[in-house]
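Colleague: Could we go through the helices of this model, and then a few of its loop residues, one question at a time?

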Amino acid sequence: MSELRYDGRVAVVTGAGHGLGRQHALELAARGAKVVVNDLGGDRSGVGASAGPAQEVVDEITKNGGEAVANPGNVATPEGAQSIVQTALDTFGKVDIVVNNAGILRDRSFKNMTPEEFDSVIAVHLRGSFLVSSAAWAHLREQGYGRIVNTSSPAGLFGNFGQANYSTAKMGLVGFTKTLAHEGAKYNIKANAIAPVAWTRMTEDLLPADFAGKLGVEQVTPLVAYLVHESNEDSGEVYTVGGGRIAKIFVAEGPGYGQKETFSVEDVRDNWTAINAGEPLTVYRNVGEQMGPLIQQLGS
């Protein structure tokens, strides 16, 4: 099989000064993509700013014969997000690939979490992905091509203690991704999400230390690189990835229970087992499909 290349493609990778984003940028550049390496340069809680981390990755790329440019913009502001995409346009003339990877942590149990801690995490992960994608969207539509990867998390899909802010943002990215897939379909814009498990400065306090060597970022990047390749036709999907394993995550619905009469509280109680039945599961492609069983019942 031939090597997957990205010659002629321009990629934007946010949060690319460290960890997963850095690995994504290096891999795409090594395979021929021109890369905008974005990183605000703060710590993992979002405090501080420095152009250094992004520039260091650019220097590594150019040293290895690739093409890249640094951008220190803040994804959480419209101006910062626009500057990231504008850097791609000014330097390389277009944008083809957007990898939304930037993130921060403000972990705290829910009873102690402040509104600022909640809002700041939403701002970077969810709002940031929206703003950067929005800045690129018109260009992707106009050229009739685009690939977007958003970074969700198992914490968003399944919840995690002390991460109400982070989990909310990461599950929000699932709905965001699926909507982009629908709206981008006729423009050949594919949008997918990953839920990675990797040892980075964001997760070093959450994962067992002896897993560090088994959960390297290099185990995640190949999936991201494939999803943003022109040969990938899948869109609106979510994949968990890490430690040598990749699996598709499904949003599914059980068979449920229905009746023609309006439910009473006792009806809900008496049919609780049927309501919670897990088989057979159905995976719907859109809201219209999901409403099908209800419409059929209403019309019967």
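Colleague: What end-to-end distance does helix H3 (residues 78-92) have, against the span expected for it?

Modeller: This is a predicted model, in which local features need pLDDT of at least 70, side-chain atom pairs count only at pLDDT 80 or more, and totals for chains, interfaces and linings use all residues. Residues are numbered from 1 along each chain as its sequence is written, and side-chain values use heavy atoms, with hydrogens and water left out. Helices (H or I, at least four residues) and strands (E, at least two) are DSSP runs numbered from the N terminus, and the expected span of a helix is 1.5 Å times one less than its number of residues. For the 15 residues of H3 that gives 21 Å, and the end C-alpha atoms agree, being apart by 21 Å.

Colleague: Which elements are included in what covers the buried residues of H3?

Modeller: Buried means under 20% relative accessible area, exposed over 50%, and partly exposed in between (1.4 Å probe, protein chains only); in H3 the buried residues are Gly80, Ala81, Ile84, Val85, Thr87, Ala88, Leu89 and Phe92. With contact taken as heavy atoms within 4.5 Å, the cover of these residues includes S1, S2, strand S3 (67-71) and H4.

Colleague: How do H3 and H4 pack, and what is the class make-up of their contact?

Modeller: Axes are lines fitted to C-alpha atoms, for helices over the stretch in contact, and angles run from 0 to 180 degrees between N-to-C directions; the axes of H3 and H4 lie 9 Å apart at an angle of about 40°. H3 is therefore oblique to H4, since angles under 35 degrees count as roughly parallel, over 145 as roughly antiparallel, 65 to 115 as roughly perpendicular and the rest as oblique. The contact joins Pro78, Ala81, Gln82, Ile84, Val85 and Leu89 of H3 to Arg127, Leu131, Val132, Ala135, Ala136 and His139 of H4. With Ala, Val, Leu, Ile, Met, Phe, Trp, Tyr, Cys and Pro counted as nonpolar, Asp, Glu, Lys and Arg as charged, and the others, Gly among them, as polar, this contact has nine nonpolar, two polar and one charged residues.

Colleague: What value of phi does glycine 93 take?

Modeller: Glycine 93 comes just after H3, and its phi is positive. The value is about 90°.

Colleague: How is H4 oriented relative to helix H6 (residues 164-184), and how do the residues of their contact divide?

Modeller: Helix H4 (residues 115-143) and H6 pack with their axes 8 Å apart, at an angle of about 15°, and H4 is therefore roughly parallel to H6. The contact includes Phe118, Ile122, Phe130 and Trp137 of H4, and Tyr166, Leu173, Phe176 and Leu180 of H6. Its residues divide into 12 nonpolar, seven polar and three charged.

Colleague: Which residues make the contact of H1 with H2?

Modeller: The axes of helix H1 (residues 19-30) and helix H2 (residues 52-63) come within 10 Å and cross at roughly 25°, so the two helices are roughly parallel to each other. The residues in contact are Arg22, Ala25, Leu26 and Ala29 from H1 and Val57, Glu60 and Ile61 from H2.

Colleague: Which residues of H1 are buried?

Modeller: H1 has 12 residues and reaches 17 Å from its first C-alpha to its last, close to the 16 Å expected. The cover of its buried residues includes strand S1 (10-13), strand S2 (34-38), H2, strand S4 (97-100), strand S6 (189-196) and helix H7 (221-227). Those buried are Leu20, Gly21, Gln23, His24, Ala25, Leu26, Leu28 and Ala29.

Colleague: Is glutamate 237 buried or exposed, and which residues does it touch?

Modeller: Glutamate 237 is found in the loop between H7 and strand S7 (238-242), and it is buried, with a relative accessible area of 18%. Its C-alpha atom is separated by 5.0 Å from that of asparagine 192, 45 residues apart along the chain. Not counting residues up to four places away in sequence, glutamate 237 touches Thr177, Ala191, Asn192, Ala193 and Lys248.

Colleague: What is phi at asparagine 188, and what is omega at the bond joining glutamate 279 and proline 280?

Modeller: Most residues other than glycine have a negative phi, and most peptide bonds are trans. Asparagine 188, in the loop between H6 and S6, is partly exposed, with a relative accessible area of 26%, and its phi is positive, near 60°. Proline 280 has its place in the loop between helix H9 (272-275) and strand S10 (282-283), and the bond joining glutamate 279 to proline 280 is cis, with omega about -5°.
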